Amino acid sequence: MASQLLRRFLGRRSSQVSSLSDLRTFSSVSTPIRATLFPGDGIGPEIADSVKQVFSAAEVPIEWEEHYVGDTIDPRTQSFLTWESLESVRRNGVGLKGPMATPIGKGHRSLNLTLRKELNLYANVRPCYSLPGYKTRYDNVDLITIRENTEGEYSGLEHQVVRGVVESLKIITRQASLRVAEYAFHYAKTHGRERVSAIHKANIMQKTDGLFLKCCREVAEKYPEITYEEVVIDNCCMMLVKNPALFDVLVMPNLYGDIISDLCAGLVGGLGLTPSCNIGEGGIALAEAVHGSAPDIAGKNLANPTALLLSAVTMLRHLELNDKAEQIQNAILNTVAEGKYRTADLGGSSSTSDFTKAICDHL
Amino acid sequence: MASQLLRRFLGRRSSQVSSLSDLRTFSSVSTPIRATLFPGDGIGPEIADSVKQVFSAAEVPIEWEEHYVGDTIDPRTQSFLTWESLESVRRNGVGLKGPMATPIGKDLITIRENTEGEYSGLEHQVVRGVVESLKIITRQASLRVAEYAFHYAKTHGRERVSAIHKANIMQKTDGLFLKCCREVAEKYPEITYEEVVIDNCCMMLVKNPALFDVLVMPNLYGDIISDLCAGLVGGLGLTPSCNIGEGGIALAEAVHGSAPDIAGKNLANPTALLLSAVTMLRHLELNDKAEQIQNAILNTVAEGKYRTADLGGSSSTSDFTKAICDHL
C-alpha cells in the first residue's frame with residue numbers, strides 16, 4: 001500500500017533521535033527561503049493574501065510555494081492533500097496553513113490528521129499574550145503552551161468490551177514524552193523564558209502521566225538555568241483563570257494540551273487572534289491559524305487576518321529571522337492597539353484589506 | 001484514600017439505576033433528622049463548629065452524629081475510616097464532610113460523573129517505555145449521572161443542560177456518554193439539551209461563563225471544569241460540593257484543604273462548608289431553611305463588614321459565624 005510505503009519512508013527519515021542539531025540550516029538572508037503556503041478554504045485565501053502583502057511590504061526574504069487541497073482523493077496519501085503538497089513541506093522545512101475544512105464523508109483521513117501523521121508533527125506550540133488595546137478580563141497573559149500532539153488520549157484506540165461498556169486507550173511513550181519535553185526546554189532557552197511547567201494528573205494516572213513527568217524531569221536536569229515545576233491539570237486551570245501571569249511555558253500531553261491551549265486562547269480573546277505552530281521531526285515547522293474557515297463571510301473582505309499573520313510571525317522566529325518577526329509583530333500589535341482599524345470580530349468595521357494596509361503602514 | 005473508599009462504598013449500595021423514586025423519605029420536621037458529620041482535619045473542626053452554630057441559630061431540625069477519622073487502620077475497611085463511620089452514613093442517608101453536588105461557578109452547576117472514566121485506575125506498562133491507561137465508559141454510569149443532572153435541573157428550575165465531551169476524537173467512549181445523555185434528554189422536553197466539546201467549553205467559560213447553566217460530564221473533564229469554575233468565582237475556599245450515591249445518599253463536602261498552618265487559630269473561612277451544608281439541606285428538601293441560611297451567608301459576605309482573611313478581611317471564624325447567625 002502506498003501509505004505503508006510512506007510510513008516506512010517517514011519512519012526511516014525520522015528514526016534518528018530528534019536532536020536539535022539536526023535542524024536543517026536555512027538559506028542565508030540573501031537567497032530567499034522557500035516556504036509552503038496552504039491558503040485553505042473559506043476565508044483562507046483572503047487572509048493568506050494579507051500575509052503575502054505584509055511580508056512583501058516588510059521585505060521578508062521568503063518565497064511562497066502555494067498548494068491547494070484537491071477535490072479528489074490522492075491514493076498515495078489517502079487524502080485530499082496530494083503527495084506533492086506534503087513533499088513540498090518536507091523539502092522546504094517550513095509552511096503556513098490557513099483553515100482547512102475536511103469534507104464530510106468516509107474513506108479518507110481528516111486533512112489535519114494527514115498533515116500531522118505524514119509530517120510527524122509532534123508538538124503544537126501556541127504563544128498566548130494579551131493584545132494591548134484589545135481588552136479582555138485578563139491583561140497580563142504572556143505564556144506559551146506546548147502540547148504533545150501524537151499520542152496520549154488521542155491515539156484513536158477504542159473498542160467495545162461488552163454491550164454498554166466501552167474503553168479507550170491512552171498511550172504515553174518515553175520517546176514521545178522526551179521529544180516534546182526537549183522541544184519545550186529548547187524553546188524556553190532560545191526565547192529567553194524562565195520557567196517550564198509540566199501539566200499532569202499523575203496523582204491519579206500514576207503510570208501514564210507519571211512517565212510523562214519522569215521524562216520532563218530528565219530533560220529539566222539538562223537545563224539548570226530554567227526553573228521546572230509540575231502542576232496538576234485542575235489546579236492549573238484554576239490558576240489560569242485567577243492569575244495567568246503565574247505561567248510562562250507549559251508542556252503537556254495531548255488532551256490537557258488541547259484543553260489548556262483553547263482555554264488560554266479564550267483568555268486573550270479567542271481563536272481569531274491566536275497563533276499556532278506545529279513542530280515536526282527534523283526541524284519542520286508548519287504554522288497555522290487554528291480558527292475555522294468561516295464560510296459565511298468568505299470572499300467578502302471581512303475576515304480578520306491576525307491569527308494567520310501572528311502564526312506567520314512564529315514561523316519567522318523558527319527561521320531565526322527575529323528582526324523581521326519583531327517588526328511585523330509590533331506593526332500588528334500597534335494597529336490593534338490604536339483601535340482605528342479593526343475588523344468586525346473585534347468590534348470594528350474595517351475590511352480585511354484596510355486592516356492589512358494599516359499594518360503595512362505601521363511597519 | 002479515605003475519599004475513594006467512601007466513593008466505592010456509596011456506589012456499591014445498589015446496582016439498580018439510580019431512579020429518584022428510590023430516595024428515602026426523611027423524617028418529618030418535628031423529628032430531628034440525623035446526619036453524619038465528619039469534621040475532618042486541620043481547620044475542619046472549627047468550620048464544622050460554625051455550621052453547627054448557624055444551624056442551631058436557624059433551628060434546623062438536624063441532629064449531628066459526629067465521626068472522626070481514626071489514627072489506626074480499621075481492618076474491616078482497610079482505612080482510617082471506621083466501619084461505624086461508614087455505617088452511620090448509610091443509616092442516616094446524609095452527611096457533611098470537612099476537608100480530607102457541585103462547585104458553583106458564577107451561576108452555573110457542574111455535575112461530574114465520579115466513578116469511572118479516566119479515573120478507573122487501570123494502568124499498565126506494555127513494554128519498557130510504553131504505558132497505557134484505560135478510560136472506561138459504561139452505559140449504566142452514564143445514564144445514572146445524566147438522570148441526576150436532568151432531575152437536578154428540573155427540581156432547581158434550571159433551563160439548560162450541556163453535556164461536555166470530546167466525542168469527535170473519542171468516538172466510542174465519549175460517544176456512549178453522549179448517547180446516554182440524549183436518551184435522558186428526551187424524557188425532559190422542557191429542558192434544552194446541548195453538547196459542547198471540552199476545549200470549546202473551556203474557552204467559552206473564560207470568555208463568558210453566563211453562557212452555561214447546568215454542565216454534565218465524564219470524570220476527567222468534570223475534574224478540570226469544576227476547578228476552572230471554582231477559579232472563576234474566587235477559589236475553592238468558597239466552593240460547595242455534594243457527592244450523590246445510589247439509593248439517594250448525599251455526602252456534601254468542602255473541597256478545599258485542611259490548611260494546617262492556620263488550624264486552631266480561629267482564622268478559617270467556613271463559607272465552603274456552610275454552603276455545602278446548605279446543599280445537604282436542599283437534598284433533604286428543607287428548602288426554607290436552606291434559603292434562609294444561604295441568604296444569611298451571602299448577605300454577610302456582600303455587606304463586607306465581616307470577612308475572613310482569605311477574602312481580604314480581618315474577621316475571625318467566630319465573628320464571621322456570629323455575623324451570619326445575626327443575619328438569619
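**Chain architecture and the interface of chains A and B**

Chain A contains 11 helices and 12 strands. The model is predicted, and every value below is computed from it. Of the 363 residues in chain A, 58% are buried. Contacts in chain A between residues at least 6 apart in sequence join, in 74% of cases, residues at least 24 apart. The accessible surface of this chain amounts to about 14500 Å², and carbon and sulfur atoms account for 50% of that area.

Helix H3 of chain A spans residues 83-92. Its buried residues include Ser85(A), Leu86(A) and Ser88(A), together with Val89(A), Arg90(A) and Asn92(A). Immediately after H3(A), the backbone at Gly93(A) adopts a positive phi of about 85°.

In chain B, strand E1 covers residues 33-38 and includes Thr36(B). The relative accessible area of Thr36(B) is 0%, under the 20% limit, and the residue is therefore classed as buried. Beyond its neighbours within four places in sequence, Thr36(B) is in contact with Trp64(B), Glu65(B) and His67(B). The set of contacts of Thr36(B) also includes Ser88(B), Val89(B) and Asn92(B), and it is completed by Val94(B), Gly95(B) and Leu96(B).

The two chains meet at an interface in which 43 residues of chain B are in contact with 44 residues of chain A. Together, chain B and chain A bury about 3600 Å², with 66% of this area on carbon and sulfur atoms. Across the interface, 2 salt bridges are found. One salt bridge pairs Lys166(B) with Asp258(A), and the closest N and O atoms of this pair lie 2.6 Å apart. Polar contacts between chain B and chain A number 16 residue pairs, counted where both residues have pLDDT 80 or more.

On the side of chain B that touches chain A, at least two residues each come from strand E6 (123-127) and strand E7 (130-138). Helix H5 (173-186), helix H6 (198-207) and helix H7 (219-233) of chain B likewise each supply at least two residues to this side. By residue class, the side of chain B that touches chain A comprises 21 nonpolar, 11 polar and 11 charged residues.

Terms used. Residues numbered from 1 in each chain as written. Chains lettered and ligands numbered in written order. Predicted model: local features only at pLDDT ≥ 70, side-chain atom pairs only at ≥ 80, totals over all residues. Heavy atoms only, no water. Helix = DSSP H or I, 4+ residues; strand = E, 2+ residues; numbered from the N terminus. Buried < 20%, exposed > 50% of the residue type's maximum accessible area, 1.4 Å probe, protein only. Contact = heavy atoms within 4.5 Å. Areas by Shrake-Rupley, 256 points an atom, 1.4 Å probe, with all protein chains shown as cover. Buried area = accessible area lost by both parts, 1.4 Å probe. Salt bridge = Lys/Arg side-chain N within 4 Å of Asp/Glu carboxyl O. Polar contact = N/O pair within 3.5 Å; in protein donor to acceptor, adjacent residues only side chain to side chain. Nonpolar A, V, L, I, M, F, W, Y, C, P; charged D, E, K, R; others polar.
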